[in-house]
Amino acid sequence: FFLGLGMFFWNQEFRYPSRGNYTELFYPPTLSYYSAYLGGILLLYILVEIKSDLFIYFPLQLLGVSPLFFYFLHFLIISKFIAPYFGKTSEIEVYLDSEKFFLSYFLLILFCLLLALLLALIKKKYPKPPFLIKFFIGG
């Protein structure tokens, strides 16, 4: 219901002049945004509850075990490697075309998944790390 309601009003609300006709701006959030968001989350919740043993959830489980580590790693890789590679500085904004963006995103996720597998192996080998390491890479 919520997803349908949000999708019904979605197109109309993004024509507001306060958004400058930018469709990617969600602020201030509107009823259609909340409805579509809530509907999408509830739909995903139902799908996961119905089939909770699918192999497709394995990568999400890997990344979800060490969220703080991947948050910092993601920020570091984007700010120190990806953005400067494409020419972004404090004075120059760079917007990637969709092919470069999706390729960069895919490679970043692939790198994070491989690192998550490595972290899982390290956690097996060293089951009781010091507190700060355990806090940073997850328990």
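**Close-up views of an all-helical predicted model**

**Figure 1. Overview of the chain.** From the N terminus on, the elements run α-α-α-α-α-α. The model is a predicted one. The chain holds 6 helices and 0 strands. Buried residues make up 19% of its 139 residues. Among the contacts in the chain that link residues at least 6 apart in sequence, 56% are between residues at least 24 apart.

**Figure 2. Helix 4, its span and its kink.** Helix 4 covers residues 67-85. At 1.5 Å a residue, its 19 residues should span 27 Å, and the C-alpha atoms at its ends are 25 Å apart, which agrees. A kink of about 35 degrees is present in helix 4, with I78 at its centre. Just after helix 4, G87 adopts a positive phi of about 95 degrees.

**Figure 3. The buried residues of helix 4 and what covers them.** F69, F70, L73, I77 and A83 of helix 4 are buried. An α-helix has 3.6 residues a turn, so residues three or four places apart point the same way. The cover over the buried residues of helix 4 includes helix 3 (58-65), helix 5 and helix 6 (131-137). One of the buried residues, I77, also belongs to the lining of the second largest pocket.

**Figure 4. The second largest pocket.** About 170 Å³ of space lies in this pocket. The residues that line the second largest pocket are I77, I82, F86, K100, L103, S104, L107, L108 and F111. Two or more lining residues come from each of helix 4 (67-85) and helix 5 (98-125). Helix 5 makes the largest contribution to the lining, with 6 residues. Sorted by class, the lining has 7 nonpolar, 1 polar and 1 charged residues.

**Figure 5. F86 in the loop after helix 4.** F86 is located in the loop between helix 4 and helix 5. At 25% relative accessibility, F86 counts as partly exposed because this value lies between the 20% and 50% limits. F86 and K100 are both among the residues that line the second largest pocket. These two, F86 and K100, are 14 residues apart along the chain, and their C-alpha atoms are separated by 9.6 Å.

**Figure 6. L113 of helix 5 and its contacts.** L113 has its place in helix 5. Leaving aside neighbours within four places in sequence, L113 is in contact with P59, L62 and L63. Helix 3 spans residues 58-65. Between the C-alpha atoms of L113 and F70 the separation is 9.8 Å, with their positions 43 residues apart along the chain counted as the distance apart. F70 is one of the buried residues of helix 4.

**Figure 7. V65 of helix 3 and its surroundings.** V65 lies in helix 3. Its relative accessible area is 43%, so V65 is partly exposed. Residues up to four places away in sequence not counted, V65 touches K123, I137, G138 and G139. V65 and A120 are 55 residues apart in sequence, while their C-alpha atoms are 8.8 Å apart in space.

Notes: Residues are numbered from 1 along each chain as its sequence is written. This is a predicted model: local features need pLDDT of at least 70, side-chain atom pairs count only at pLDDT 80 or more; totals for chains, interfaces and linings use all residues. Side-chain values use heavy atoms; hydrogens and water are left out. On a 1 Å grid over the protein atoms alone, a cavity is a set of points where a 1.4 Å probe fits but cannot get out, and a pocket is an open set with protein on both sides within 12 Å along at least five of seven lines; lining residues have an atom within 4 Å of a point. Grid points are joined across faces, edges and corners, and a volume is the space filled by probe spheres set on the points. Helices (H or I, at least four residues) and strands (E, at least two) are DSSP runs, numbered from the N terminus. Ala, Val, Leu, Ile, Met, Phe, Trp, Tyr, Cys and Pro count as nonpolar, Asp, Glu, Lys and Arg as charged, and the others, Gly among them, as polar. The expected span of a helix is 1.5 Å times one less than its number of residues. The bend at a residue is the angle between axes fitted to the seven residues ending there and the seven starting there. Buried means under 20% relative accessible area, exposed over 50%, partly exposed in between (1.4 Å probe, protein chains only). Contact means heavy atoms within 4.5 Å.
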